[in-house]
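Let's take a walk through this model, starting with its rings and working outward from there. Keep the viewer open as you read.

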Amino acid sequence: MFEQYKVEERGNVTILHLKGQFIGGNETDDLRAKLTEISQKEKNQLVLDLDKVTYLNSTALGVLISAHANFTKRGGKIVLANVGKSIENIFIITKLTLVFTIFSTLNEAIQHFTENPAQ
């Protein structure tokens, strides 16, 4: 099976590097399982690195929204980094920019958690 994500830990921040297309198939089910697994750990600060994501459909967006709700319930937060123009447009059109904080770079996202450890 082709892995479409890689997990990295930096201090209290978990980074999930995503790659490819998430179109509602096995790759999206795998993403849901990985996000659930991460949400059950002690760390509750997650950066989704979308640098290498080329497409997200509505099912994949639903997985991200569900993960966001899980993290928020536990006092955690998910932010997005390296969001390409076409993916960003999906978040703008769906008004998900009101739900997710989006950073231009991975370092900015990590710095957000470093400077705001309670968020």
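In this predicted model, the count of aromatic pairs comes to one. The partners are phenylalanine 91 and phenylalanine 100, sitting edge-to-face with 5.8 Å centre to centre and 90 degrees between the planes. Why call that edge-to-face? Because planes over 60 degrees apart get that label. Phenylalanine 91 is buried, at 0% relative accessibility, and phenylalanine 100 counts as buried too, at 2%.

Phenylalanine 91 also leads us to helix α3, which spans residues 85-93 and has Ile87, Ile90 and Phe91 as its buried residues. These cover an arc of only 95 degrees around the axis, so they end up on the same side of α3. In general, an α-helix has 3.6 residues a turn, so residues three or four places apart point the same way. What do the buried residues of α3 pack against? Their partners are β3, α2, β4 and β5, the last of these being residues 101-103. Turn to the other side of α3 and you find Lys85 and Ile93 exposed. Just after α3, lysine 95 takes a positive phi of about 65 degrees.

Staying on α3 for a moment, lysine 85 is exposed at 60% relative accessibility, and this lysine 85 forms a salt bridge with glutamate 88, with the closest N and O atoms 3.3 Å apart. Both residues lie in α3, three residues apart, or about one turn of the helix. Glutamate 88 is partly exposed, with a relative accessible area of 22%.

That bridge belongs to a set: the structure holds five salt bridges. Another one joins glutamate 37 and lysine 34, at 3.1 Å from N to O. Here too the spacing is three residues, this time in helix α1 (residues 26-39), so the two are separated by about one helical turn. Glutamate 37 is partly exposed at 38%, whereas lysine 34 is buried at 14%. Glutamate 8 and arginine 10 form one as well, with their closest N and O atoms 2.8 Å apart. In that pair, glutamate 8 is partly exposed at 22% relative accessibility and arginine 10 is partly exposed at 34%.

Now for a lysine that goes without. Lysine 77 sits in strand β4 and is buried, yet has no salt bridge. How far away is the nearest side chain of opposite charge? That would be glutamate 115, at 11 Å, and since a salt bridge needs the nitrogen and oxygen within 4 Å, the pair doesn't qualify. What lysine 77 does have is a polar contact of 3.5 Å between its side chain and that of threonine 101.

One step back along the chain is glycine 76, in the loop between α2 (58-73) and β4 (77-81). Glycine 76 counts as buried at 13% relative accessibility. Beyond its neighbours up to four places away in sequence, glycine 76 touches Asn44 and Phe71. Its C-alpha atom is 8.8 Å from that of serine 39, 37 residues apart along the chain.

Finally, look at strand β3 (residues 45-56), where valine 47 is found. Is valine 47 buried or exposed? Buried, with a relative accessible area of 0%. Setting aside neighbours within four places in sequence, valine 47 contacts a list of residues including Val13, Ile15, Leu16, Ala81, Leu106 and Phe113. Val79 is among them as well, and the C-alpha atoms of valine 47 and valine 79 are separated by 5.0 Å despite being 32 residues apart along the chain.

Technical notes:
Residues are numbered from 1 along each chain as its sequence is written. This is a predicted model: local features need pLDDT of at least 70, side-chain atom pairs count only at pLDDT 80 or more; totals for chains, interfaces and linings use all residues. Side-chain values use heavy atoms; hydrogens and water are left out. Helices (H or I, at least four residues) and strands (E, at least two) are DSSP runs, numbered from the N terminus. Buried means under 20% relative accessible area, exposed over 50%, partly exposed in between (1.4 Å probe, protein chains only). Contact means heavy atoms within 4.5 Å. Lys and Arg count as positive and Asp and Glu as negative; His and the chain ends are not counted. A polar contact is a pair of N or O atoms within 3.5 Å; within protein, one must be able to donate a hydrogen and the other to accept it, and residues adjacent in sequence count only if both atoms are side-chain atoms. The arc is that of the directions from the helix axis to the C-beta atoms. Rings of Phe, Tyr and Trp (its six-membered ring) pair if their centres lie within 6.5 Å; planes under 30 degrees apart count as stacked, over 60 as edge-to-face and the rest as tilted.
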